[in-house]
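The following report concerns the architecture and side-chain pairing of one protein chain. Please consult the sequence and the structure as you read.

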Amino acid sequence: MPDHSNTAARSARAAHRRGPSRAQVLRRRAFTVVTAVAALALVGGGVAVARTVVDLDTGIHRSDIHLPVAGASAGSSAVPQAQGESNILVMGLDSRRDEDGNVLPAATYQALHAGDGSDGGYNTNVLMLIHIPAGGGPAIGISIPRDDWTTLPGAPDGNATGKIKQAYGYELDQTLRHIVNTEPGVTHDDAYQQARSAARQEEITTVSQFLGGVWINHFIEVTRAAFYDIAQAVQPIQVCLNETTSDTYSGADFHQGLQSLDASQALSFVRQRRDTSGSGVELTDLDRERREQAFIVALAFKLRHEDVLTNFPLVQHLIDTAKQDIALDSGFDLLSFAGDAQRFAGGGITFQTLPIVRYGVEDGQDVNIVDLAQIRSTTAALIAASDHPGTTASATPTTGGPAGGGTTTGETGAGATSAGKATAGGTSAGASTAGGTTPSTTTTSAAQPLASGGIPCVN
């Protein structure tokens, strides 16, 4: 009679030598693209599966640009980078087109509540620096408000200053016109892709200088369509709100507490920055930043607690989305990033929004006025705290500005309660994970750190 126990042991050892199964590789790498896209489109990302299934590396858009491009302005010191750590700049574009400049399906525009292919532009409406420390410590996601007024180092289209989000669009316009006017042999498609690469370089340089010379090793670029497609593939997604609110501009219409959103609602959730209901709820663009962070955390929570990546057609859809609506730098190692993405979902990342001093007007535009020294010291402190998690020094100086100043006291992870509006956290009927367990929630404001691992309640 055969010894089945020994046979099983030999099979297990053989499997260990062979490494993960095809299904395990597929799920792990699909997880990467979803988690990363969320941090977009918020965060973009990518997935590479076994060649017998599909090789995303042969289809995703890449830019062969010079990284890192740290360049502190005169009189400031570059933020040092330790060996083995990485800084990834996430750029979420306002464009209503895909990475090739093509218009989207009509049904997508209808769901986006954001006009059509002629609307929007090439502003980077989402800017987030993801710092991954060496040695597997906790990562930090630093959101940069899109309307911060700053110097544009390349003065694209003749603009020496502008909103930090405008560097991309100005450079794209300038480079595309130059190629079209001086290189008639270049096809429009090639000229467009060259202009996109130049735009990414200018945005990365602008952000690096703005933050005080932070070395940016990689970028992830995501279009608005990528966010919608990913949300549609994994819907519903649970979020939590501090107040009942609605907004005719974004299409938002949400009740207080925990609730499940479909893809169209999810887009409205991350786009809302005003309340038009007359309820007295006051929202700003900084609350929109916090919504983006909260959605990343909520999506990561879903992926960790629900088995949504065993469906091959769904995974294939995510891969196709990545190819169409995501771009990376040429040196971005997707497989290496997969391990970090898994860790983020389990609570291994905290998000913080950089402070502003006040709202103002520059060149006829509504902008955020910032204290550049404060921005740079805050960034350096957040990175240092990520590299040395035992330290507890305040990362955001208290200034009393619109961002609220200072950091919160106490924990802000799942199950913790922080200062601010602590009235939320109730659950709606049927709101639960696939396993029937209602996730823990914690109330936060835009000025507080936001830890992954639960479902945060936000304004």
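The sections below treat sheets, helices and salt bridges in turn.

## Basis of the report

The structure is a predicted model.

## The eight-stranded sheet

Eight strands make up an open sheet with mixed pairing, and their order is 1-12-7-2-3-4-13-17. The edges are occupied by strand 1 (61–63) and strand 17 (450–451); each has a single partner strand, so one side of each is left without a neighbour in the sheet. At one of these edges, strand 17 pairs with strand 13 (residues 349–353) in the antiparallel sense over two bridges. Within that pairing, Leu 450 of strand 17 stands opposite Phe 351.

Helices lie across this sheet. Helix 5 lies across strand 1, strand 2 (86–93), strand 3 (124–132), strand 7 and strand 12 (326–329), and its direction makes an angle of about 125 degrees with strand 2. Helix 11 (residues 372–387) lies across strand 3, strand 4 and strand 13, and runs at about 165 degrees to strand 4.

## Strand 8 and its partners

Strand 8 (residues 237–241) is largely enclosed by the rest of the structure, because five of its five residues are buried. Burial applies to both faces: Ile 237, Val 239 and Leu 241 lie on one side, and Gln 238 and Cys 240 on the other.

Strands of a sheet pair through backbone hydrogen bonds, in either a parallel or an antiparallel arrangement. Strand 8 pairs with strand 11 (residues 257–261) in the antiparallel sense over five bridges, and Gly 257 of strand 11 is the bridge partner of Leu 241. Strand 8 also runs parallel to strand 18 (residues 455–458), to which two bridges join it. Here Cys 240 stands opposite Cys 457 of strand 18.

## Packing of helices 4 and 5

Two packed helices are described by the angle and the distance between their axes. For helix 4 (residues 166–182) and helix 5 (residues 188–210), the angle is about 145 degrees and the axes are 7 Å apart. The crossing of helix 4 past helix 5 is right-handed. Contributors to the contact include Leu 172, Leu 176 and Ile 179 from helix 4, and Ala 195, Arg 196 and Ala 199 from helix 5. By class, the contact residues of this pair comprise 10 nonpolar, three polar and five charged.

## Salt bridges

Side chains of opposite charge can pair when their charged atoms come close. The model contains nine salt bridges. One of them joins Arg 146 and Asp 285, with an N to O distance of 2.8 Å. Arg 146 lies in the loop between strand 4 (139–143) and strand 5 (149–151), whereas Asp 285 belongs to helix 8 (residues 285–305), so the pair ties together parts that are 139 residues apart in sequence. Arg 146 is buried at a relative accessible area of 6%, and Asp 285 is buried at 13%. Both residues are linked with Arg 273 in a network of salt bridges.

Arg 196, one of the helix 5 residues in the contact with helix 4, forms a salt bridge with Glu 221, with the closest N and O atoms 2.6 Å apart. Since Arg 196 is in helix 5 and Glu 221 in strand 7 (residues 218–222), the pair ties together parts that are 25 residues apart in sequence. Arg 196 and Glu 221 are both buried.

A further salt bridge forms between Asp 157 and Arg 177, whose closest N and O atoms are 2.6 Å apart. It ties together parts that are 20 residues apart in sequence, because Asp 157 lies in the loop between strand 5 and strand 6 (161–163) and Arg 177 in helix 4. Asp 157 is partly exposed at 28% relative accessibility, and Arg 177 is partly exposed at 42%.

Technical notes
Residues numbered from 1 in each chain as written. Predicted model: local features only at pLDDT ≥ 70, side-chain atom pairs only at ≥ 80, totals over all residues. Heavy atoms only, no water. Axes fitted to C-alpha atoms, helices over the stretch in contact; angles between N-to-C directions. Helix = DSSP H or I, 4+ residues; strand = E, 2+ residues; numbered from the N terminus. Left-handed = near helix turned anticlockwise from the far one by under 90°. Contact = heavy atoms within 4.5 Å. Nonpolar A, V, L, I, M, F, W, Y, C, P; charged D, E, K, R; others polar. Salt bridge = Lys/Arg side-chain N within 4 Å of Asp/Glu carboxyl O. Buried < 20%, exposed > 50% of the residue type's maximum accessible area, 1.4 Å probe, protein only. Pairing = 2+ DSSP bridges.
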